[in-house]
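Me: I would like to go through this structure with the reasons laid open, setting each value against the criterion that gives it its name. Could we begin with the backbone and then move on to the sheet and the helices?

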Amino acid sequence: MTNQALIDALREADAVQFGEFDLAHGDTSEYYVDKYLFETDPDCLETVAEAFAERVDDDDKLAGVALGAVPLAAATSVAAGVPYVIARKQRKEYGTGNLVEGRLEDGEEVVVLEDIVTTGTSLVDAIDALREAGATVERALVVVDREEGGRENVEAADVEMESLVTASELLADRD
């Protein structure tokens with residue numbers, strides 16, 4: 001699948017917006033990629049899942065970072081025919097109190113999926129939670145790398161990060 005097909009799918013879902021937006025880490029941006037628009041659009045979700053599925057092996061296990069990457073993990077799980085788990089940002093106060101939901105064996109290798117990476121904090125927190133639960137994490141796949149230091153932070157956690165699209169690519173032909 002080409003980057004242009006992914007860019008087209010994100011744009012067709014109206015997920016790329018321009019204006020002034022506050023970001024989770026406190027900065028502002030002239031553009032915003034609305035993960036909820038592209039993850040709830042069936043055509044775009046399918047396009048992303050197929051692109052992720054091309055990058056995983058038959059024996060991989062996926063992990064979706066809660067909440068945003070859970071639909072991505074579920075759709076990719078179906079497209080690739082591999083299982084997944086959910087990595088929570090914080091332990092819930094009831095039930096099992098797990099940081100990782102689903103079946104995870106000690107030492108099992110997991111590929112983490114994430115929607116958008118800016119600073120990489122949420123992704124690194126999920127990697128830490130997965131490792132705490134016994135997983136081996138060496139790879140992360142993300143839909144959009146905003147190219148604002150996230151890759152460096154993820155790689156500092158000894159995880160290779162691959163993005164389907166970078167902000168530079170997504171914004172290259174902005175009118």
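Reply: In this predicted model, Leu67 lies in the loop between E3 and H4, and the peptide bond that joins Ala66 to Leu67 is cis.

Me: What makes the bond between Ala66 and Leu67 a cis peptide bond?

Reply: The omega angle decides the matter, since for the bond joining Ala66 and Leu67 omega is about 0 degrees. Most peptide bonds are trans.

Me: What is noted about phi of Asp14, and where is Asp14 found?

Reply: Phi of Asp14 is near 60 degrees, which is a positive value in a residue other than glycine. Most residues other than glycine have a negative phi. Asp14 sits in the loop between helix H1 (3-12) and strand E1 (16-22). A positive phi, near 105 degrees, is also taken by Gly26, in the hairpin of E1 and E2, where five residues stand between the strands.

Me: How do you know that E1 and strand E2 (residues 28-33) pair?

Reply: Pairing requires at least two bridges, and five bridges join E1 to E2, the two strands running antiparallel. Within this pair, Phe18 stands opposite Tyr31 in E2.

Me: Why do E5 and E8 count as edges of the sheet?

Reply: Six strands make up an open sheet of mixed pairing, in the order E5-E4-E3-E6-E7-E8. Strand E5 (100-101) and strand E8 (160-166) each have a single partner strand, so one side of each is left without a neighbour in the sheet. Inside the sheet, strand E3 (residues 61-65) and strand E4 (residues 84-87) pair in the parallel sense over four bridges, where at least two would be required, and Gly64 stands opposite Ile86 in E4. Helix H3 (residues 42-53) packs on the sheet, touching strand E6 (109-117), strand E7 (136-145) and E8, and its direction makes about 145 degrees with that of E7. Helix H5 (residues 121-132) also packs on the sheet, touching E3, E4, E5, E6, E7 and E8, with its direction at about 160 degrees to that of E6.

Me: Why is H3 called oblique to H4?

Reply: The axes of H3 and helix H4 (residues 70-80) come within 8 Å and cross at roughly 60 degrees. That makes H3 oblique to H4, because angles under 35 degrees count as roughly parallel and those of 65 to 115 as roughly perpendicular. The crossing of H3 and H4 is right-handed. Residues of H3 including Leu45, Val48 and Phe52 meet residues of H4 that include Pro71, Leu72 and Ala75, and by class this contact has 10 nonpolar, one polar and no charged residues.

Me: Why, then, is H1 called roughly antiparallel to H3?

Reply: H1 and H3 pack at an angle of about 155 degrees, with their axes 9 Å apart. That makes H1 roughly antiparallel to H3, because angles over 145 degrees are counted so. H1 passes H3 in a left-handed crossing. Ala5, Leu6, Ala9 and Leu10 in H1 meet Cys44, Thr47, Val48 and Ala51 in H3, a contact with seven nonpolar, one polar and no charged residues.

Me: How do you know that Glu162 and Arg55 meet in a salt bridge?

Reply: The N to O distance between the side chains of Glu162 and Arg55 is 2.8 Å, and the cut-off is within 4 Å, so the pair qualifies as a salt bridge. The pair links distant parts of the chain, with Glu162 in strand E8 and Arg55 in the loop between H3 and E3, 107 residues apart. The structure holds 10 salt bridges.

Terms used: Residues numbered from 1 in each chain as written. Predicted model: local features only at pLDDT ≥ 70, side-chain atom pairs only at ≥ 80, totals over all residues. Heavy atoms only, no water. Contact = heavy atoms within 4.5 Å. Axes fitted to C-alpha atoms, helices over the stretch in contact; angles between N-to-C directions. Left-handed = near helix turned anticlockwise from the far one by under 90°. Nonpolar A, V, L, I, M, F, W, Y, C, P; charged D, E, K, R; others polar.
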